[in-house]
Amino acid sequence: IPEYRKLGDLDLYIPEKDAFSRACRILNAHGYTEEPEESDHHVTYRFTFPETGRSFTLELHYRIVGIYQFSRANDWWTKFFRQSSEPSFVELYGQTYPVLPPTENVFYMLHHMLKHYLYSGFGSRLLCDFTLYLKQYASKIDFEKIHSWCQESKFFIFMS
């Protein structure tokens with residue numbers, strides 16, 4: 001709910017190159033402006049509402065996570081998301097969107113927080129989002145699977 005997280009942005013993941021290019025063209029044609037940003041996994045757009053002057057940020061992702069400095073970690077993530085289970089779906093304002101299933105999303109969120117911690121600073125919003133997500137979907141999350149993925153991806157090395 002945007003009004004609960006005033007500084008939030010919208011992230012859309014479009015892994016297919018043609019669909020990604022099409023999405024960029026559609027955004028540009030509808031008043032979104034690309035913001036210069038150095039990123040290895042997304043393009044940032046801003047939309048300003050003419051009536052109010054307020055704006056929001058949309059990140060259009062071509063990779064689900066950014067590139068790590070270690071090629072083995074990048075290879076593991078690429079393989080993981082190719083093998084990921086079918087998406088879950090969420091309905092927002094009458095539209096249905098595919099999203100990561102709860103277990104995969106929690107694992108993604110852990111790594112997203114790690115990326116921020118390693119490269120750009122870790123904030124309380126990430127921890128708040130994580131906590132609220134866990135509270136909402138705890139009964140649908142396979143924590144043992146997450147534990148095995150953390151072992152397999154060498155994530156635990158950062159926790160010691």
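# Briefing: helix packing, one salt bridge and selected residues

Y62 is partly exposed, with a relative accessible area of 32%. The model is a predicted one. Helix α3 packs against α5 at an angle of about 40 degrees and crosses α4 at roughly 165 degrees. By the rule applied here, the salt bridge count is 1. Individual residues follow after the helices and the salt bridge.

**Helix α3 with helix α5**

- Helix α3 covers residues 102-120, and helix α5 covers residues 143-152.
- Their axes lie 10 Å apart, at an angle of about 40 degrees.
- The two helices are therefore oblique to each other, since the angle falls neither under 35 degrees nor in the range 65 to 115.
- The crossing of α3 past α5 is right-handed.
- On the α3 side, the contact uses T103, E104, V106, F107 and L110.
- On the α5 side, the partners are K145, I146, W149 and C150.
- By class, the residues of this contact are 6 nonpolar, 1 polar and 2 charged.

**Helix α3 with helix α4**

- Helix α4 spans residues 124-137, and its axis comes within 11 Å of that of α3.
- The axes cross at roughly 165 degrees.
- α3 and α4 are therefore roughly antiparallel to each other, because the angle is over 145 degrees.
- This crossing is left-handed.
- From α3, the contact takes in P102, N105, V106, M109, L110, H112, M113 and H116.
- From α4, it takes in L126, L127, D129, F130, Y133, L134 and Y137.
- The residues of this contact divide into 11 nonpolar, 3 polar and 1 charged.
- V106 and L110 appear in the α4 contact and also in the α5 contact.

**Salt bridge**

- Side chains of opposite charge can pair when their charged atoms come close.
- Here R46 pairs with E35, with 2.7 Å between the closest N and O atoms.
- The pair links distant parts of the chain, 11 residues apart.
- R46 sits in strand β3 (residues 42-48), and E35 sits in strand β2 (residues 33-35).
- R46 has 25% relative accessibility, so it counts as partly exposed.
- E35 is also partly exposed, at a relative accessible area of 26%.

**F155 and H111**

- F155 lies in the segment after α5.
- With a relative accessible area of 6%, F155 is buried, because buried means under 20%.
- Beyond its neighbours within four places in sequence, F155 contacts L110, H111, L114 and C150.
- F155 and L110 are 45 residues apart in sequence, yet their C-alpha atoms are 9.0 Å apart in space.
- L110 and C150 are also among the residues of the α3 and α5 contact.
- H111 belongs to helix α3.
- H111 has 3% relative accessibility, so it counts as buried.
- Outside its neighbours within four places in sequence, H111 contacts Y68, W77, S153 and F155.

**Y62**

- Y62 is placed in the loop between β4 (55-61) and α2 (71-83).
- Leaving aside neighbours within four places in sequence, the contacts of Y62 include Y13, I14, P15 and F20.
- Y62 also meets S39, D40, H41, H42 and V43.
- Y62 and H42 are 20 residues apart in sequence, with their C-alpha atoms 5.7 Å apart.

**V90 and Y93**

- V90 is part of strand β5 (residues 88-92).
- V90 is partly exposed, with a relative accessible area of 27%.
- Not counting residues up to four places away in sequence, V90 touches Q95, T96, Y97 and V99.
- V90 and G66 are 24 residues apart along the chain, and 24 Å separates their C-alpha atoms.
- Y93 is found in the loop between β5 and β6 (95-99).
- Y93 is not a glycine, but its phi is positive, at about 50 degrees.
- Y93 is exposed, with a relative accessible area of 72%, because exposed means over 50%.

Technical notes
Residues numbered from 1 in each chain as written. Predicted model: local features only at pLDDT ≥ 70, side-chain atom pairs only at ≥ 80, totals over all residues. Heavy atoms only, no water. Axes fitted to C-alpha atoms, helices over the stretch in contact; angles between N-to-C directions. Helix = DSSP H or I, 4+ residues; strand = E, 2+ residues; numbered from the N terminus. Left-handed = near helix turned anticlockwise from the far one by under 90°. Contact = heavy atoms within 4.5 Å. Nonpolar A, V, L, I, M, F, W, Y, C, P; charged D, E, K, R; others polar. Salt bridge = Lys/Arg side-chain N within 4 Å of Asp/Glu carboxyl O. Buried < 20%, exposed > 50% of the residue type's maximum accessible area, 1.4 Å probe, protein only.
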